[in-house]
Amino acid sequence: MMQPGLYHLLFISAALFFIGVYGFLTRRNLITMLMSVELILNSVNLNFIAFNKYVWPQRLDGVFFTVFVIAIAAAEAAVAIAIIINLYRSHQSIDVENAEELKY
Amino acid sequence: MPNAINIALIPLLPLAGFLLLGLFGKKIFKNSAGIIGTLILLISAGLAIYTAYGYFFDYGKVNDVYQKLIPLKYTWLEFSKDVSIDMGIILDPISAMMIVVVTFVSLMVHIYSLGYMKGEERYSTYYAYLSLFTFSMLGLVLSSNIFQIYIFWELVGVSSFLLIGFYYDRPSAVAASKKAFIVTRFADLGFLIGILVLSFYSGTLDFNTLIQKLTSPESSELKTAIASSFLGVSALTWGLTLVFIGGAGKSAMFPLHIWLPDAMEGPTPVSALIHAATMVVAGVYLVARLFPVFALSAPDALSIVANVGAISALFAAIIACTQTDIKRVLAYSTMSQIGYMMFALGVSKYGGEDGLGYTASMFHLFTHAMFKALLFLGAGAVIHYVHSNDMKDMGGLRKHLPITHITFLLACLSIAGFPLLAGFFSKEEILLAAYQHNAVIYWIALITSGLTAFYMFRLYFSIFWNKAYHAHGEHHGDGGVAMMLPLLLLAAGAVFAGYIPFGHFVSTDGKPLESEFHLSFSIAPVALGLIGILTAMWLYKNENEKPAKLAASLSGLYKSAYHKFYIDELYLFVTKKVLFNLVARPAAWFDKTVVDGLVNFTGNTTQDISERIKGIQSGKVQQYAIYFLVSAVVLALLFIYVWKG
């Protein structure tokens, strides 16, 4: 069985990233957009892990960075969901177009 | 020795009166303001006479020469050891004479106004202004320092402005007060520059030091001041000429006289005080104050004084013959008489017999104050009675106003130089001084004296003779004691002031000057005066067609004199057409288009740009994300392919 190489992982990571970007730019539902953001973050995580494993196997920097990103992603999700809930309470909707007036 | 406190109180009492009446007049002293002001001035006048008496007869003379005393000196603003602005009092023959004139005429005007201004809405304000003026004028004549005199100079300007515009609900009075202020202010610019030039070269502001430094032949200051020149004229001549421009503005000398006739919009007693007897002679006083410098070091500047004075004297006398507003006739007459004083100074020299012009000028200032104040107050009584300023509304008033009539006649005779009245003596001296030193000016003066007699008696006959006056409505005759007493006192002055041996007291070098009196010399002026009087009598004693016919036969001259030789129009042309179109308009254009344009351009451009880019902030999160993404990609590409390394 073939061992996956660095390029495979980078390919998956890039795919995940662009799927996330596409989802973030096209979805109108805030929850889905949040999920897309998580995809983007995870593609970055995968990148870190891949480079750590294949370029500097003796070191752990990439792993640590990934742990940090996961922690931040969790915090971000908490904040984002709180905002979304508040938006829902005031607008009875979680459509991103209803949030336009926040620019004022 | 003089008592400094007594002298300082002479100006300070009116100042106190001004503060008292100005601050509390409207509430507390609504009706007693006049009495309070008059009493304060009475004390002031008493002190002035006491001081002048002491100076002339007691302590002023040392070895038969009148000294310039400085009884009070206070360093006010000290810039460095040598340069400071002091406040001081100078006591010399002319200032001693002036404080008497100012306080006496001012007192007369105060008393007169008790009757004239009675029932006026702003009665207490009026007296406050009068006190302010008296304070400023006394301060001016007592100044020991050229900068101090400048301060008081502006103060009299302000009080004159306030009093001309006293009837502030009349647009003409407001315009006149503005005109007076602006014209004299414009002239004062010259005065200020002159002060700076003189003090720059002499290194002092103090009159005594300044005169001493700029007259003694061996002083280095004088040599530099004469040696340094600008446009081919020495700095000293420039400085003195500029100072004289200030004096000419205040004294209504041609061509800066245009404010004086309009200043007659003020209450008549004010015209008597400010625009006849005191403030307008400030210019003469200033030249007299600096006379040693003029005479000894800058004869060119002195000849300017002589010429301007002579031109003004003749010019104003011609205009006075055609005016119909009695106060304007008197205003032009004032200008003409001040011209007399100016050229008398101008033809004078320093020291001994040659200084006759100086003495004569001061003498005329003294007598003129008496009879001109009397004429104005008399005119005030007439206006009070007729309620009009125009000669055409008057005539035949001699029975209605007997006291005014007699006193007015005496004043007219006095100013016309009728023998044995005050004006005769002072005018003779001036003519004699002119005769000795300058033939052209002598002839001008002679013609002017004939014209003076003519226009004064034209005025007299038009008011008191001519047609019969039909009284209408209620009338009150001469007016009360308050109005008649000053007339009588001033009439006494106008008759007897000439008997004072003035040369004994006032002369260029302080030594007594015997004025010789030649009977033969007086024949020409007296004859001309009589011709003037008789012509006026022939034309105006009875109502007839002769004046109109005469005016028609001299149509060109008459018309231009009637329109004051179009000087006002010339000023309007210069200011409105020339200055306005050639200077103000381009300046306004530059300001509006270039200066404002730059500012507006900045603002408009900023607004324009923000208008265009404000769509970027749409509030659509996903749009922002696209910007972010695209920018990140672009940056990445740039980093990879362009800014590598």
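How many residues of chain A are in contact with how many residues of chain B?

## Contact between the chains

In this predicted model, 9 residues of chain A are in contact with 8 residues of chain B. On the side of chain A that touches chain B, the residues divide into 6 nonpolar and 3 charged, with no polar residue among them.

Val96(A) offers a view of this contact from the side of chain A, for it touches Val621(B) and Gln622(B). Within its own chain, and not counting residues up to four places away in sequence, Val96(A) also touches Arg28(A), Leu30(A) and Met33(A). Val96(A) lies in the segment after α3 of chain A, and it counts as partly exposed because it has 19 C-beta neighbours inside 10 Å, where 20 or more would make a residue buried. The C-alpha atom of Val96(A) is separated by 21 Å from that of Phe17(A), a residue 79 places apart from it along the chain.

## The nonpolar core

The largest nonpolar core of the model has 217 residues, and the residues with the most contacts inside it are Phe294(B), Val305(B), Ala373(B), Leu374(B), Phe457(B) and Ala494(B). Helix α16 of chain B, which spans residues 356–386, supplies the largest share of this core, namely 20 residues. In soluble globular proteins, nonpolar side chains tend to be buried together.

Val305(B) can serve as an example of how a core residue is surrounded. Leaving aside its neighbours within four places in sequence, Val305(B) is in contact with Phe244(B), Val287(B), Phe294(B), Met342(B), Leu345(B) and Gly346(B); of these partners, Phe294(B) is itself listed with the residues that have the most contacts inside the core.

## Backbone features

Two residues that are not glycines have a positive phi: Gln92(A), at about 55°, and Leu420(B), at about 75°. Gln92(A) is found in the segment after α3 of chain A, a helix that covers residues 61–91, and Val96(A) lies in that segment too. Gln92(A) counts as exposed, because it has 8 C-beta neighbours inside 10 Å and the limit for an exposed residue is 12 or fewer. Leu420(B) lies in the loop between α17 (402–415) and α18 (422–437) of chain B, and with 12 other C-beta atoms within 10 Å it is likewise exposed.

Chain B also holds a cis peptide bond, which runs from Phe254(B) to Pro255(B) and has an omega near 0°. The place of Pro255(B) is in the loop between α9 (235–250) and α10 (259–262) of that chain.

Technical notes:
Residues are numbered from 1 along each chain as its sequence is written. Chains are lettered from A and ligands numbered from 1 in the order in which they are written. This is a predicted model: local features need pLDDT of at least 70, side-chain atom pairs count only at pLDDT 80 or more; totals for chains, interfaces and linings use all residues. Helices (H or I, at least four residues) and strands (E, at least two) are DSSP runs, numbered from the N terminus. Two residues are in contact if their C-beta atoms, placed from the backbone, lie within 7 Å. Ala, Val, Leu, Ile, Met, Phe, Trp, Tyr, Cys and Pro count as nonpolar, Asp, Glu, Lys and Arg as charged, and the others, Gly among them, as polar. A nonpolar core is a set of buried Ala, Val, Leu, Ile, Met, Phe, Trp, Tyr and Cys residues joined through C-beta atoms within 7 Å.
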